[in-house]
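Subject: Structure handover and what was found in it

Hello,

Please find the structure below, followed by notes that you can read with the model open beside you.

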Amino acid sequence: MLVLPRSCWYRIVAHCLDWLPLEACGLLAGMVQPGQPARVDEVYPASNAERSARVYTVEPRDLLRADRAAEAAGLTVVGVWHSHTHTPAYPSPTDIAQAPDPDWHYLLVSLSDSEPVLRSYRIVAGEVTDEPVVLTP
Amino acid sequence: MAVEVRLPNILRPLAGGEPVAKAEGATLRDVLDDLVQQYPGLRGSLLTAEGDMHRHLVIFLNDDDVRYLGRLDAKVADSDTLTLMPAVAGG
């Protein structure tokens, strides 16, 4: 399960819409507490270095900036989000093959319908498992 | 030159579990070689079979991406900090 404050969700959606028609991406940060559901406390919108509607790479400088900002706030980068502009919110073969960390949460936002659709996944050794996302006030 | 190497979570189990390692060398190549000497399990995550930088790894020398500093030939100085991060990409 992934707990996501509504304010973070709105920022994620705004960033995804800003980047249309290209894919958008960013990092998720939270406080890791063993035995507790993962919770996102901060989101760091990033540039898509690929500037593509099909693939994304988090701009390395934004990756460093997010990592440092999270650390300064006592948080850890716990995942990544990106948008699918024309396909459902399910990890593509590229997402699965390139998932960088089995401990991360992989948030997908599909913009292919009239409303943004949010899904979250764990990706471990090529195996995809979806997880519920709980939006909190 | 002794530098501090900050490791991402995913690589820490291969390097004694610590978030920061110390390594020595005059270039990035030397530093990574020293790191691999200390922690042989890191080799496949840092370097390709041909000895190049792994494409799934992003390395910063202080605030700068080493791809713009000569990659493995980037010069390092005492007290520099290297930050290793997994490239984050998909489709």
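Before the notes begin, one term is needed: two strands are said to pair if DSSP finds at least two bridges between them. Please also keep in mind throughout that this is a predicted model.

With that term in hand, we can begin in chain A, where strand 8 and strand 9 pair in the antiparallel sense over five bridges. Within this pairing, Ile123(A) has Val128(A) of strand 9 as its bridge partner. The hairpin of strand 8 and strand 9 of chain A has two residues between the strands, and in this hairpin Ala125(A) takes a positive phi near 50 degrees.

Strand 8 of chain A also takes part in a hairpin with strand 7 of chain A, with six residues between the two strands. Strand 7 (residues 105-110) and strand 8 (residues 117-124) of chain A run antiparallel and are joined by five bridges, and Leu107(A) has its bridge partner, Ser120(A), in strand 8 of chain A.

These strands belong to a wider arrangement in chain A, an open sheet of six strands in the order 4-2-6-7-8-9, with mixed pairing. Strand 4 (42-46) and strand 9 (127-131) of chain A are the edge strands, each of which pairs on one side only. If direction is ignored, neighbouring strands of this sheet are turned by 30 degrees against each other on average.

Two helices of chain A pack on the sheet. Helix 1 (residues 6-19) of chain A touches strand 2 (25-30), strand 4, strand 6 (76-84), strand 7 and strand 8 of chain A, and its direction makes about 5 degrees with that of strand 4 of chain A. Helix 2 (residues 60-72) of chain A touches strand 2, strand 4 and strand 6 of chain A, and its direction makes about 165 degrees with that of strand 4 of chain A.

Turning to the interior, the largest nonpolar core holds 60 residues, of which Leu27(A), Leu28(A), Ala29(A), Val80(A), Val5(B) and Val31(B) touch the most other members. Helix 1 of chain A gives the most to this core, with five residues. If neighbours within four places in sequence are left aside, Val80(A) is in contact with several residues, among them Leu27(A), Trp104(A), Tyr106(A) and, from the other chain, Val88(B).

Chain B has two helices and six strands, and from the N terminus on its elements run β-β-α-α-β-β-β-β. Its C-alpha trace spans about 35 × 30 × 25 Å along the principal axes of chain B. A compact globule with 91 residues would have a radius of gyration near 12 Å, and chain B has 12 Å, which agrees. Of the 91 residues of chain B, 30% count as buried.

Finally, how many residues does each chain bring to the contact? Chain B brings 13 residues and chain A brings 19 residues. On the side of chain B that touches chain A, the elements that give two or more residues are strand 3 (57-61), strand 5 (81-86) and strand 6 (89-90) of chain B, with the largest share, three residues, coming from strand 5 of chain B. By class, this side of chain B has eight nonpolar, four polar and one charged residues. Strand 5 (residues 56-57) of chain A and strand 6 of chain B pair in the antiparallel sense over two bridges, and Thr57(A) stands opposite Ala89(B) in strand 6 of chain B.

Best wishes

Terms used. Residues numbered from 1 in each chain as written. Chains lettered and ligands numbered in written order. Predicted model: local features only at pLDDT ≥ 70, side-chain atom pairs only at ≥ 80, totals over all residues. Contact = placed C-beta atoms within 7 Å. Helix = DSSP H or I, 4+ residues; strand = E, 2+ residues; numbered from the N terminus. Nonpolar A, V, L, I, M, F, W, Y, C, P; charged D, E, K, R; others polar. Axes fitted to C-alpha atoms, helices over the stretch in contact; angles between N-to-C directions. Core = buried A, V, L, I, M, F, W, Y, C linked by C-beta atoms within 7 Å. Buried ≥ 20, exposed ≤ 12 C-beta atoms within 10 Å, placed from the backbone. Rg over C-alpha atoms; globule rule 2.2 N^0.38 Å.
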